[in-house]
Amino acid sequence: MKNKKKMQNKKREYFKWTLILFILSFLLSATLNYISSYVSERLPVTISFILLFCIILLGIIFDIIGIATTAADEIPFHAMAAKKVKGAKVSVWLIKNASKVSSICNDVIGDICGILSGALSASIVFYITKNSKANPIFLSILLTAVVAAITISGKSIGKYFAIKKSNEIVKISGKILGIFLKM
């Protein structure tokens, strides 16, 4: 009876977490898509390229944080928390909730950045071909390939870095989050 109730609570918690992820991803995606669409329609194409690069970089950075959180060792952060090092308690919380942090960083933010970079790439191709005689198919293939190559190679390098320097990355993330969260 006790195990059955425990299982029901876990299912309820899992459903709640899935619902939170749905709402978070919807709101983040809508907000970031609106901003990137607004910028790409009203500003020069060079600004759109800068925004595209920033979105790709954001996806890579959050991928690094998500991987580092799952690879980090919790023990040194308990010692830092005991010494009242800023961000140490947040770092412990990140590591203890590594699966959720990884879901948000890698899946929610990472996937949204991937989708937005594709949408922004299409917008850039449309803008360029609208104002020139450039071949839209060739330009679309070229830009998509460049975005994919930068994203994949950036995440590959980031994963190596995240595993090797996981504690340092979690420490920095904890300090930054510690500014906003009081633990």
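## A guided tour of the helices and their contacts

Begin by selecting Lys96 and Glu74, whose side chains meet in a salt bridge with an N to O distance of 4.0 Å. The model on display is a predicted one. This pair joins distant parts of the chain: Lys96 belongs to helix α4, Glu74 to the loop between α2 and α3, and 22 residues separate them. Lys96 counts as exposed because its relative accessibility is 55%, while Glu74, at 24%, counts as partly exposed.

Remain in helix α4 and select Trp93. Its relative accessibility is 40%, so Trp93 counts as partly exposed. Add Thr69 to the selection: the two residues are 24 apart in sequence, and their C-alpha atoms lie 9.9 Å apart in space.

Next, display the loop between α3 and α4 and pick out Lys84. The phi angle of Lys84 is near 60 degrees, a positive value in a residue other than glycine. With a relative accessibility of 71%, Lys84 counts as exposed.

**The other salt bridges**

How many salt bridges does a search of the whole structure find? The search returns three. For another of them, select Lys159 and Asp63, where the N to O distance is 2.7 Å. Here too distant parts of the chain are linked, with Lys159 in helix α6 and Asp63 in helix α2, 96 residues apart. Is Asp63 buried or exposed? Asp63 counts as buried, because its relative accessibility is 5% and the cut-off for buried is under 20%. Its partner Lys159 counts as partly exposed, at 33%.

Then select Lys100 and Glu13, which form a salt bridge whose closest N and O atoms are 3.9 Å apart. Lys100 sits in helix α5 and Glu13 in helix α1, so that the pair links parts of the chain 87 residues apart. Lys100 has a relative accessible area of 28% and is partly exposed.

**Along helix α5**

From Lys100, extend the selection to the whole of helix α5, residues 98-130. At 1.5 Å a residue, its 33 residues should span 48 Å; the end C-alpha atoms are 46 Å apart, which agrees. Centre the view on Gly110 to find a kink of about 30 degrees in α5.

**The nonpolar core**

Now turn to the interior. In soluble globular proteins, nonpolar side chains tend to be buried together. The largest nonpolar core in this model has 37 residues, and Leu52 and Val170 touch the most other members. Colour the helices to follow the contributions to this core: α1, α2 (45-71), α3 (75-82), α4 (88-96), α5, α6 (136-164) and α7 (166-180) each supply at least two residues. Which helix gives the largest share of the core? That helix is α5, with 10 residues.

**A nonpolar patch on the surface**

To finish, show the surface and select Phe15, Leu19, Phe22, Ile23, Phe26 and Leu27, which make a nonpolar patch of about 670 Å². One of these, Leu19, lies in helix α1, residues 2-42. Leu19 is partly exposed, its relative accessible area being 42%. The spacing of the patch residues can be read against the geometry of a helix. An α-helix has 3.6 residues a turn, so residues three or four places apart point the same way.

Key:
Residues are numbered from 1 along each chain as its sequence is written. This is a predicted model: local features need pLDDT of at least 70, side-chain atom pairs count only at pLDDT 80 or more; totals for chains, interfaces and linings use all residues. Side-chain values use heavy atoms; hydrogens and water are left out. Patches are made of residues with over 30% relative accessible area and no salt bridge: like charges are joined within 9 Å, nonpolar side chains (Val, Leu, Ile, Met, Phe, Trp, Tyr) within 5 Å. Accessible areas come from the Shrake-Rupley method with a 1.4 Å probe; for residues, only the protein chains shown count as cover. Helices (H or I, at least four residues) and strands (E, at least two) are DSSP runs, numbered from the N terminus. Buried means under 20% relative accessible area, exposed over 50%, partly exposed in between (1.4 Å probe, protein chains only). The expected span of a helix is 1.5 Å times one less than its number of residues. The bend at a residue is the angle between axes fitted to the seven residues ending there and the seven starting there. A nonpolar core is a set of buried Ala, Val, Leu, Ile, Met, Phe, Trp, Tyr and Cys residues joined through side-chain atoms within 4.5 Å.
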